[in-house]
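Work through the following exercises with the sequence and the 3D structure at hand. Each task is followed by a solution in steps.

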Amino acid sequence: FQRVAPAVMVDELMRDFAIAATLLGNLSAVYFYTYAAMQIPSGLLADAVGPRRVGAAAALAAALGIVLFAQADSLWLATGGRGRVGASVAVAFVACMKLAGHWFPANRFATVTGISLLIGNLGGVLAGVPLSEAVAGFGWRAAMLASAGVTLLLAAAVWWWVRDDPSERGYASHAHPEALASALAPWRSLKLVGAERDTWLLFFAGGLIAAPVLTFAGLWGVPYLVQVHGLERSHAAVFTTAMLLGFAVGGPLLGALSDRIGRRKAPYLGAALVHALGWGIFLLAPELSAAARYALFATIGFSAGGLIIGFAFAREVTHPGAAGTVGGVVNMAVLGFAALQQSAIGWVLDRNWQGVVIEGARVYDAAAYHAAFLWLAASAVGAVVFVALTRETRCRLRFDSDH
């Protein structure tokens, strides 16, 4: 929810803080920068002290960051608040992956983490039409303060209900014995993760396949559809929500497919190819019917969900005791690349701006957006290349094969 919320507040944020596209891109992207920067520390913390403690503390810190953003009277305070939110919620997905490795068998890891992606992206859906209506009715500041209250409740829920391992509830653990042994030293975890060639291929693949969706649906898609295609903001948000829904559903379904067939590379590569083709169609055929645009956006999002396979893939190529660390490394690219793209798209738009301003907000034409969105397609093609270079694990831990 917090990740994509600015997409339906573009005009309000531009007016309140008197900024253009480049600075707005930076304001949105600071979430991604701090999120990405916290991924490795989050993984190390999840491995060392457990996801329950880290998750509850992070949710509390996130709520405070949302309050700071909502009440900011300057761009700097707003940026600080949004940066705090990104750094705090960075823990969430890494903690889910750490928990999945303990609570579920290895051949269900991609499915379970895919479901985590599905649930997370439901927040993105709420940040579409529902948030757009809330902003229109109550203002963006009130809507953000309400979300801070929900986040405080989540902090309490994590502390009360979550347990790091099934043994704490009297059940058998699915964690590898090496993961239940004494925690690896941080430097040791990083060394093991960094030594694997496939870790870095999956790092770049995940970042390049996720960035176009998070950039378009998370910030620039709504203003593009409003300014170029003349849609109402809520109607435009429905289209970007279709992309996020596809992303949400694609994760668990493609993850389950990978688990079922016992392969990682083939389904991931297939998804990456479809994703790149989708962005190519988007650029070459901008004047689609509404139905075709819905279908295309949903397909782009669905195929991007294949990145969930990359997390299972990465877990299988490294030491079991470094599962949280490798998850953090790969997820760092997913959000870090999106941050770079959000800012870069804003920069390209400003370079191609024709000087049109409506009610204090800059308006960009179709040519400016086309120049900016070329980078989305290039990113998707890059993902195909990196997935193609990986080596298959057949859904088994390489650690077990080597020892």
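**Exercise 1: the surroundings of S258**

S258 is found in helix α13, where helices are DSSP runs of H or I with at least four residues and strands are runs of E with at least two, numbered from the N terminus. The model is a predicted one, in which local features need pLDDT of at least 70 and side-chain atom pairs count only at pLDDT 80 or more, while totals for chains, interfaces and linings use all residues. Residues are numbered from 1 along each chain as its sequence is written, and side-chain values use heavy atoms, without hydrogens and water.

Task: state whether S258 is buried or exposed, and find the partner of its side chain in a polar contact.

Solution.
- Step 1. S258 has 0% relative accessibility and therefore counts as buried; buried means under 20% relative accessible area, exposed over 50%, and partly exposed in between, with a 1.4 Å probe and protein chains only.
- Step 2. Leaving aside neighbours within four places in sequence, S258 is in contact with R263, R264, P267, I309 and C395. Contact here means heavy atoms within 4.5 Å.
- Step 3. The side chain of R264 makes a polar contact with the side chain of S258, at 2.8 Å. A polar contact is a pair of N or O atoms within 3.5 Å; within protein, one must be able to donate a hydrogen and the other to accept it, and residues adjacent in sequence count only if both atoms are side-chain atoms.
- Step 4. R264 also forms a salt bridge with D259, with the closest N and O atoms 2.9 Å apart. A salt bridge is a side-chain nitrogen of Lys or Arg within 4 Å of a carboxyl oxygen of Asp or Glu.
- Step 5. R264 counts as buried at 0% relative accessibility, and D259 is buried at 8%.

**Exercise 2: salt bridges**

Task: how many salt bridges does the rule give, and which parts does the pair R141 and D16 tie together?

Solution.
- Step 1. Side chains of opposite charge can pair when their charged atoms come close.
- Step 2. The count by the rule is seven salt bridges.
- Step 3. In one of them, R141 pairs with D16, and the closest N and O atoms are 3.6 Å apart. R141 lies in helix α9 (residues 140-161) and D16 in helix α1 (residues 10-17), so the pair ties together parts that are 125 residues apart in sequence.
- Step 4. R141 is partly exposed at 27% relative accessibility, and D16 is partly exposed at 43%.
- Step 5. D198 forms a salt bridge with R197, the closest N and O atoms being 3.2 Å apart. D198 is buried, with a relative accessible area of 0%, whereas R197 is partly exposed, with 44%.
- Step 6. A network of salt bridges links R197, D198 and R391.

**Exercise 3: two pockets**

Task: give the volume of the largest pocket and of the second largest pocket, and describe what lines them.

Solution.
- Step 1. On a 1 Å grid over the protein atoms alone, a pocket is an open set of points where a 1.4 Å probe fits, with protein on both sides within 12 Å along at least five of seven lines; lining residues have an atom within 4 Å of a point.
- Step 2. Grid points are joined across faces, edges and corners, and a volume is the space filled by probe spheres set on the points.
- Step 3. The largest pocket holds about 1,600 Å³ of space. Its lining has 50 residues, with A92, C96, I119, G120 and L154 nearest the centre.
- Step 4. Helix α7 (residues 109-126) gives the largest share of this lining, nine residues.
- Step 5. The lining of the largest pocket has 37 nonpolar, 11 polar and two charged residues. Ala, Val, Leu, Ile, Met, Phe, Trp, Tyr, Cys and Pro count as nonpolar, Asp, Glu, Lys and Arg as charged, and the others, Gly among them, as polar.
- Step 6. The second largest pocket holds about 340 Å³. Of its 19 lining residues, D11, V226, Q227, L231 and R233 lie nearest the centre.
- Step 7. In the second largest pocket, α12 gives the most to the lining, with four residues. By class, this lining has 11 nonpolar, two polar and six charged residues.

**Exercise 4: the loop residue A18**

Task: where is A18 placed, and what is its phi?

Solution.
- Step 1. A18 is in the loop between α1 and α2 (21-37).
- Step 2. Its phi is near 50°, a positive value in a residue other than glycine.
- Step 3. A18 is exposed, with a relative accessible area of 68%.
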